[in-house]
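Me: I have a multi-chain model open and would like to talk through how its chains meet. Could you take a look with me?

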Protein chains: 6
Amino acid sequence: MLEQVTYFEDYAIGDGRETTGRTITETDFVVHAGHSGDFFPHHLDAEFCKTLPFGQRIAHGTMVFTIGVGLTATVINPVAFSYGYDRLRFVKPVFIGDTIKSRVEITDKEVMEKRPGYGRVTERLTVTNQKDETALVADHIYMVEMRP
Amino acid sequence: MLEQVTYFEDYAIGDGRETTGRTITETDFVVHAGHSGDFFPHHLDAEFCKTLPFGQRIAHGTMVFTIGVGLTATVINPVAFSYGYDRLRFVKPVFIGDTIKSRVEITDKEVMEKRPGYGRVTERLTVTNQKDETALVADHIYMVEMRP
Amino acid sequence: MLEQVTYFEDYAIGDGRETTGRTITETDFVVHAGHSGDFFPHHLDAEFCKTLPFGQRIAHGTMVFTIGVGLTATVINPVAFSYGYDRLRFVKPVFIGDTIKSRVEITDKEVMEKRPGYGRVTERLTVTNQKDETALVADHIYMVEMRP
Amino acid sequence: MLEQVTYFEDYAIGDGRETTGRTITETDFVVHAGHSGDFFPHHLDAEFCKTLPFGQRIAHGTMVFTIGVGLTATVINPVAFSYGYDRLRFVKPVFIGDTIKSRVEITDKEVMEKRPGYGRVTERLTVTNQKDETALVADHIYMVEMRP
Amino acid sequence: MLEQVTYFEDYAIGDGRETTGRTITETDFVVHAGHSGDFFPHHLDAEFCKTLPFGQRIAHGTMVFTIGVGLTATVINPVAFSYGYDRLRFVKPVFIGDTIKSRVEITDKEVMEKRPGYGRVTERLTVTNQKDETALVADHIYMVEMRP
Amino acid sequence: MLEQVTYFEDYAIGDGRETTGRTITETDFVVHAGHSGDFFPHHLDAEFCKTLPFGQRIAHGTMVFTIGVGLTATVINPVAFSYGYDRLRFVKPVFIGDTIKSRVEITDKEVMEKRPGYGRVTERLTVTNQKDETALVADHIYMVEMRP
């Protein structure tokens, strides 16, 4: 983990980076069920899933989001604060054995009129699988301090 | 877990329910770090957190979301499909020892013009702590089959 | 999780329900070993198990019991208290990849002479695998309040 | 883990041993909920538990049983097979921070008429806390080979 | 777990024992990543690993060490204290599905001049896989009390 | 996680870096016991530990090593390969609630005569607690490619 101060002025639309990959395992499915308390058979019952269109267990949406976001957690910006997410969409299911990666890209920035000294930055998160298909997208909203 | 078919026509704006509570423990913090791969000191370093405004470790946003959603996973509706979330906001931090609950309420529904036989239902998720302060809100978007 | 008050008088012999299924994974084996502290090679050493009659790793009895009981934990009855279990039997081994379900059925009820206002209810638990073979049975004994 | 062959003839009523202790932590509560799928507020919601007679979270019965049995898993007897348990009773609740130990003692043995070459051994399991109060008892039934 | 007092004088060079085996699962890889915080793609990204000489995910060195040492933790010697390890070497990678065992052997002992009443014992740890190939070696250094 | 190629020639004795901190929780103790299989009461039995000089539970040496090393796993050098560790020493015990950090510093480098094109780099790892006391030291040995 590295710390790097990046002020509002330093963010440029179009800037981005891609993370390393992570294979989503059956273990992750079981851990996520136990952590969230969501034991729906869509995620945990292989027999039941044979009767569904996809024919196999499907990752919890909250897990793809959690791991997709987690993959990006490599550099701390002490002057940025997470505000929330917009337009979080589960585009394609993630299956056991899929390998996902995250790409983040700055897509918008604007001065916050109501909060002097801060700007609002939008970072588009895109989680893809090993076939480069998009599994999840979301717009991460940060508040970032302006250069003092 | 119970299964109960609820068609688009059966959803009424204002319908809602509240879940049981769950105390968020230090264990959940550690499990979430290990599951997500996000080991930022804001979540895991008690000494560092003493130097921050809140003075203590703060739950990962993805954890409050994951457990908040997980608390609602008690009744399976086989004709509803999660589409995503809008306006997910981290309103107040969750600390070790806080007890959270989720409340969901149908806030909108509309026929999907582009997808005959389906409607779109919006369910507002509100996660509160033991002081009844709101920690997180999000609008869950479902696609739901119409009555055949 | 739902809460529903059911008094002693409301239990009827023969009443029952079946749970959703859950696939027992290698992860569950490893988690149970780490949770219980039982690392016997029957559960964790695939090479050793090749030399045994079943030829593969066998689930801990305490795990089949724990998950079999856990599958039934969907409705809270605030006037019932678990007293214990009788005749817990490991009928057939559970292997990695098996999908288990639980069925519970009220098999007995009697007024508790020594504890006025309470009755004793016996609920037979049967855990089956995906071939509908019985893996485990046990008689759950509850104390339940009588209608006030 | 040690392996030691003990034939039916070698078991003597009254033989016993006591295990080392293990402190039951909040972590164990959370792990057990996630492993079993039982998120009842009696185990996980500290605020709700303040309204109950015990005033605090109570261990899952299946956890006290699992860890109580696990503590005894130190010596493998390759000629003994677990058959099940009788009279499993939850005598006193286990709380976060309690330290439990298990004691096992041979309380019965009999030749199995229907299964020549095998005997049936009953081992009484008693799980106690740090105040030497009994938390759980159960009679473990083994089938054991006779000396060849 | 058994307790057995063994004084410095009781250790003899050449004495040794072998543990039971344990199959290293994908679960162990995921748990170790989450526990250590090391999410390097060599351990967790199956796609990336296809491009490496071994063609598959490789166990963390710290995991082979941790589990290799853990397998030996069956008998407590209350008069011995772990001092550290010398010449810890990762000889061959461990893959998902490998079954490892540990062998320990006393290879050296000497009186501690600077610490009267104590001796220094060296125990060579060798972790092997199911093909009897050595995966890891290390020299464990203990301080052991002399016979009073 | 970042990738950065660093050839043998680029390592300079005295170069170093310090990691972020991580509070070692009771959860980590329980997870490490379950992961390693080492349930010695020194790590898990609070009552027993009251009778020892330190008066409380002590972290597994393998855990301090695992997390200490894990904290440093932030930058991948694709031309470096871990060879092993020398002089791993448990200097001071780590307790529940301690916050540890790792510091690594290059202390030695030499050309490998027997392996043309590679050099051997020694990186000293020092794990300290919140009082800046040293808990663990070890010399990490890498093989690193020379500049092509």
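Reply: What follows goes through two interfaces of chain B, then some strand pairing in chain D and a salt bridge in chain E, and all of it concerns a predicted model.

Me: Fine, start with chains A and B. How many residues of chain B are in contact with chain A?
Reply: On chain B there are 34 residues in contact with chain A, and they meet 34 residues of chain A. Together chain B and chain A bury about 2,800 Å², with 65% of that area on carbon and sulfur atoms.

Me: Which three residues of chain B supply more of that buried area than any other three?
Reply: Those are B:His35, B:Phe40 and B:Arg89, which supply 23% of the area that chain B buries against chain A.

Me: And how many salt bridges cross between chain B and chain A?
Reply: The rule finds two salt bridges across this interface, and B:Arg89 takes part in a salt bridge with A:Asp86, the N to O distance between the side chains being 2.9 Å. As a general point, side chains of opposite charge can pair when their charged atoms come close. In addition, 13 residue pairs are in polar contact across the interface of chain B and chain A, counting pairs with both residues at pLDDT 80 or more.

Me: Which elements of chain B supply at least two residues each to the side that touches chain A?
Reply: They are the helices α1 (26-36), α2 (41-44) and α4 (61-71), together with the strands β4 (75-76) and β5 (80-90) of chain B. Of the elements on that side, β5(B) gives the most, with nine residues. By class, the side of chain B that touches chain A holds 17 nonpolar, eleven polar and six charged residues.

Me: What does β5 of chain A do with β5(B), and do they run parallel or antiparallel?
Reply: The strand β5 (residues 80-90) of chain A is joined to β5(B) by four bridges, and the two strands run antiparallel. Within this pairing, A:Gly84 stands opposite B:Arg89, the residue whose side chain also meets that of A:Asp86 in the salt bridge.

Me: What rotation superposes chain B on chain A?
Reply: A rotation of 180 degrees with 0.0 Å of shift along its axis does so, with an RMSD of 0.0 Å. The two copies are therefore related as by a two-fold rotation axis. In chain B, the C-alpha nearest that axis belongs to B:Asp86, which is 2.5 Å from the axis. Because 100% of the interface residues of chain B are also interface residues in chain A, the copies meet through the same surface.

Me: Let's switch to chain C. How many of its residues does chain B contact, and what area is buried?
Reply: Five residues of chain B are in contact with five residues of chain C, and the two chains bury about 500 Å² between them, 67% of it on carbon and sulfur atoms. On the side of chain B that touches chain C there are three nonpolar and two polar residues, with no charged residues.

Me: How many salt bridges and polar contacts are there across B and C?
Reply: The rule finds zero salt bridges across that interface, and likewise zero residue pairs in polar contact when both residues must be at pLDDT 80 or more.

Me: What turn and shift lay chain B on chain C?
Reply: A turn of 180 degrees with a shift of 0.0 Å along the axis lays chain B on chain C at an RMSD of 0.0 Å. Here 100% of the contact residues of chain B recur in chain C, and the same surface serves both copies.

Me: New topic, chain D. Which strands pair with β6(D)?
Reply: Among them is β2 (residues 16-18), which is joined to β6 (residues 99-111) by three bridges and runs antiparallel to it, with D:Arg17 opposite D:Val104. The strand β3 (residues 22-23) also pairs with β6(D) in the antiparallel sense, over two bridges, and there D:Thr23 stands opposite D:Thr99. Ten bridges join β6(D) to β7 (residues 118-128), again antiparallel, and D:Ser102 has D:Val127 as its bridge partner in β7(D).

Me: How many residues lie between the strands of the β6(D) and β7(D) hairpin?
Reply: There are six residues between the strands, and in this hairpin D:Gly117 takes a positive phi near 90 degrees.

Me: Last one: how many salt bridges does the rule count over all chains?
Reply: The count comes to 58 over all chains. One is between the side chains of E:Asp10 and E:Arg147, at 2.2 Å from N to O. E:Asp10 lies in the loop between β1 (2-3) and β2 (16-18) of chain E and E:Arg147 in the segment after β8 (134-145), so the pair ties together parts that are 137 residues apart in sequence.

Key. Residues numbered from 1 in each chain as written. Chains lettered and ligands numbered in written order. Predicted model: local features only at pLDDT ≥ 70, side-chain atom pairs only at ≥ 80, totals over all residues. Heavy atoms only, no water. Contact = heavy atoms within 4.5 Å. Buried area = accessible area lost by both parts, 1.4 Å probe. Salt bridge = Lys/Arg side-chain N within 4 Å of Asp/Glu carboxyl O. Polar contact = N/O pair within 3.5 Å; in protein donor to acceptor, adjacent residues only side chain to side chain. Nonpolar A, V, L, I, M, F, W, Y, C, P; charged D, E, K, R; others polar. Pairing = 2+ DSSP bridges. Least-squares fit on C-alpha atoms with pLDDT ≥ 70 in both.
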